[in-house]
Amino acid sequence: MTYKIERVGVLGAGVMGAGIAAHLANAGMPVLLLDIVPANVAPDAPRADRNKLANNGLQTALKASPAAFYSPKFAELVTPGNFEDDWSQLAECDWIIEVVVERLDIKRDVLNRLAAVVKPEAIISSNTSGISLASMVEGLPEDLQRRFLITHFFNPPRYMKLMELVAGPATDPALVEFMSRFFEERLGKGVILARDTPNFVANRIGIYGMMATLNRMAEHGLKVEEVDAILGRASGRPKSAAFRTSDLVGLDTSLHVARNVYDNAPDDAQREAFRFPDWVEKMAANKWLGDKTGQGFYKKVKEGGQTKILALDPATLEYHEQAAKPLTDTKLEEAERRSTPAKRIETLVNLNDRAGKFGWDVLADTLLYTADRLPEIANDILTIDNAMKWGYNWELGIFETWDAIGPLKSVQRMRQEGRQVPQWIIDFINRGQDFFYIEQNGKKKYWDFKEERYKLLPENPAVIRLAKLKQDKANVLRTNESASLVNLGDGVLLLEFHAKLNAIDPDMIEIGFRALSTLNGGDQYQALVISNEADDFSAGANLFLALMAASQEQWSELEKNVKAFQDFNMAVKYSPKPVVVAPFGRTLGGGAEIVLAGAKVRAYGESYIGLVEVGAGLIPGGGGCKELLLRQMQKMRGMGGPMPAVQKAFETISYARVSTSAEEARSLGFLRKTDAVSLSRERLITEAKADALELANQPGGYKPPEPALFKLPGEGGRLAIEQVIDGLVLTKTISEHDALVAYKLAYVLTGGNTASPAQEVNEQFLLDLEREAFVALCKEPRTQERMQHLLMKGKPLRN
């Protein structure tokens with residue numbers, strides 16, 4: 001059978017169902033979102049009343065924080081309805097996913113109703129977080145069983161990478177392959193194939209880790225906030241750690257997941273560990289479920305106009321103020337300061353204090369439980385590790401963590417403590433194996449516990465991996481500490497940044513100019529891509545270099561560096577051959593200016609783009625003011641002269657507006673209609689390369705844009721903006737230094753002292769104004785204080 005997905009039906013408009021519908025809409029798919037008709041609503045009642053639950057779900061998704069939709073406009077792709085009036089419309093859907101309440105009887109009823117209406121080739125799936133597939137499909141037609149599987153999203157669906165696929169004995173293998181590709185390529189998910197066991201993979205391990213945390217917490221006499229301090233950064237986990245994460249997810253959800261294991265895994269040797277302590281059960285009885293009820297393990301209160309976060313005392317069930325810095329009697333900070341998650345975890349578990357001992361106990365419990373359950377719940381250690389990284393945002397998976405602390409050393413410690421170590425782990429150690437993951441001849445391998453040998457990590461040859469590509473030194477044409485020029489093949493080059501936070505510095509610009517000269521210096525290359533594989537595309541300019549130059553009053557050097565960055569961006573924009581920029585994550589300040597210069601942008605959906613220099617007491621200096629103003633003028637052509645565009649650019653820059661998605665970046669002017677968005681981070685460079693080749697090989701060949709000319713409002717426009725700024729100073733809405741920055745920005749955008757609406761100026765005119773204002777602001781002591789403050793906090797440039 002040939003499968004396709006063009007239209008989707010989502011059954012159940014709760015938080016999860018509406019979130020799934022929103023993310024499918026983000027991918028451009030029309031969605032039919034259905035829920036039950038509310039009780040006591042008559043058959044002839046208005047459709048708004050009968051669709052109330054689905055409408056409410058859609059509105060909840062629109063108001064969600066963080067946002068469920070890339071842009072509110074995508075909500076237009078979601079059509080709300082109800083199970084009675086709109087059920088027949090499911091016949092038009094290619095995929096129907098049920099997201100109804102976690103009750104087997106209700107799910108089976110829904111599936112039986114679907115069997116009567118869906119088309120023969122339709123895909124049917126459940127988003128259940130733990131109900132067995134076998135129990136759901138029992139009694140269903142064989143044809144439907146072949147087209148049924150579990151597709152378990154993690155919440156929130158837009159942001160969580162993990163997709164757990166569970167197939168039954170009757171499920172068509174071709175469907176599993178199709179859905180795996182669909183989730184990876186269309187929705188950007190990381191897919192694991194889980195077995196039909198209670199809570200599948202991530203939640204089976206994750207909830208056990210929570211239970212081990214609760215049990216060891218009592219044993220070590222730790223407070224709620226102390227536990228979270230240990231199980232956060234030092235443990236390679238998110239800052240929300242254990243209890244803050246529970247408050248975000250909801251204690252009721254954690255209770256449900258734990259009880260599901262207890263009730264349905266009678267052979268689990270650790271079954272009794274899935275009973276919550278009495279004090280947690282009392283929290284649930286009191287409806288202290290976390291954020292959804294206003295209090296949980298933590299409680300937010302206002303005192304004297306300030307917000308405080310109190311922590312729960314398990315002994316008294318009363319809330320208390322947290323210490324400014326917990327665990328000062330330990331060396332926890334020593335672990336937190338280490339540069340990599342592997343080093344942080346290794347340091348933590350070897351601390352001889354209560355932080356280290358607790359961290360070790362919880363980790364050892366979790367490692368051993370996972371190793372014991374591995375043969376039951378997963379096919380390999382990769383499945384386990386990816387599940388925890390993608391579903392729980394751990395920096396390292398279980399077996400990667402075991403490698404970090406040393407399998408031999410840790411197993412010896414476990415056995416000395418009298419812990420039961422699974423036989424396959426003992427066999428692994430006895431064979432003389434040192435690590436679960438190794439690298440041989442430049443190829444990464446993992447230990448296959450079933451075949452008892454190392455196997456190559458699976459790779460998709462159609463997806464470009466820079467790290468692998470660069471293993472062949474012939475592919476690296478130029479390199480320095482901050483950037484590299486890489487040959488992607490097929491006549492396409494890539495400019496890669498790899499400095500700390502990818503902050504723009506002279507070394508990057510040097511390689512950038514070499515990239516352009518290599519591209520345009522002959523017929524060997526057709527196009528250039530600018531991207532990388534770091535966590536963020538670029539966090540902005542290198543503030544340290546700017547501050548050093550300012551503190552030493554090296555104004556000519558500073559101006560030279562700013563001019564070089566401007567020249568680079570202009571060279572990118574007017575390159576005779578196309579340059580495609582592929583941003584992702586934080587793309588701030590100078591990073592955004594590079595995006596604005598590209599012939600085309602291929603942005604990852606989760607791209608947070610903005611000109612945020614005002615946060616450091618500066619304005620954009622690399623062409624950002626000029627280019628954003630040009631974008632706004634192009635959008636507002638014929639709307640009453642240059643002032644509306646100037647005002648829009650001024651607002652975006654002065655408020656340091658950062659997009660919450662690539663689509664919102666389009667509305668702010670950082671992306672154009674012709675720019676593209678990818679939901680798959682892994683495929684971003686691959687798709688950017690395809691864009692570059694398409695531009696290079698278009699009929700008639702690639703042609704760079706025509707040089708831009710501006711008609712600017714001049715002094716009259718500047719005075720109008722300055723009046724608004726003066727009013728904000730009078731009302732103490734902004735500081736005098738904020739006002740100075742705003743005056744400089746208005747000066748640049750309106751054309752300085754010489755521009756007028758009657759005359760045209762070129763791009764270099766505006767670039768000179770930008771550079772002049774940037775250097776002048778660097779001379780301000782308050783600006784230097786702001787830069788120093790941001791550097792001390794270790795944060796990227798952001799207001």
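A charge is said to sit over a ring if NZ of Lys or CZ of Arg is within 6 Å of the ring centre and within 35 degrees of the ring normal. In the predicted model described here, Arg 681 takes up such a position over the face of Phe 584, at 3.6 Å from the ring centre. A further case is provided by Arg 113, which lies over the face of Trp 87 at 4.0 Å from the ring centre.

As regards the overall architecture, the protein contains 32 helices and 25 strands. Its radius of gyration is 29 Å, close to the 28 Å that the globule rule gives for 799 residues, and the protein is therefore as compact as a globular protein of that length. Taken along the principal axes, the box filled by the C-alpha atoms has dimensions of roughly 80 × 70 × 65 Å. Of the 799 residues in the protein, 57% are buried.

Contacts between aromatic rings were also examined, and a search of the whole structure finds 24 aromatic pairs. In one of these, the ring centres of Trp 95 and Phe 182 are 5.7 Å apart and the planes stand at 80°, so the pair is classed as edge-to-face. Because Trp 95 belongs to strand E4 (residues 95-98) and Phe 182 to helix H7 (residues 173-185), the pair ties together parts that are 87 residues apart in sequence. Trp 95 counts as buried, with a relative accessibility of 0%, and Phe 182 likewise counts as buried, at 5%.

Another arrangement is found for Phe 428 and Phe 436, which form a stacked pair with 4.5 Å from centre to centre and 5° between the planes. Phe 428 is buried, its relative accessible area being 1%, and Phe 436 is buried with a value of 0%. These two residues also belong to a cluster linked by ring pairs, in which they are joined by Phe 399, Trp 402, Trp 424, Trp 447, Phe 449 and Tyr 454.

On the surface, a nonpolar patch of about 330 Å² is made by Phe 544, Leu 545, Met 548 and Leu 791. Helix H22 (residues 543-551) supplies the largest share of this patch, namely three residues, whereas Leu 791 lies in helix H32 (residues 781-793). The relative accessibility of Leu 791 is 34%, and this residue therefore counts as partly exposed, since that class covers values between the limit of 20% for buried residues and the limit of 50% for exposed ones.

Definitions and conventions:
Residues are numbered from 1 along each chain as its sequence is written. This is a predicted model: local features need pLDDT of at least 70, side-chain atom pairs count only at pLDDT 80 or more; totals for chains, interfaces and linings use all residues. Side-chain values use heavy atoms; hydrogens and water are left out. Patches are made of residues with over 30% relative accessible area and no salt bridge: like charges are joined within 9 Å, nonpolar side chains (Val, Leu, Ile, Met, Phe, Trp, Tyr) within 5 Å. Accessible areas come from the Shrake-Rupley method with a 1.4 Å probe; for residues, only the protein chains shown count as cover. A salt bridge is a side-chain nitrogen of Lys or Arg within 4 Å of a carboxyl oxygen of Asp or Glu. Helices (H or I, at least four residues) and strands (E, at least two) are DSSP runs, numbered from the N terminus. Buried means under 20% relative accessible area, exposed over 50%, partly exposed in between (1.4 Å probe, protein chains only). Rings of Phe, Tyr and Trp (its six-membered ring) pair if their centres lie within 6.5 Å; planes under 30 degrees apart count as stacked, over 60 as edge-to-face and the rest as tilted. The radius of gyration is taken over C-alpha atoms; the globule rule is 2.2 Å times the number of residues to the power 0.38.
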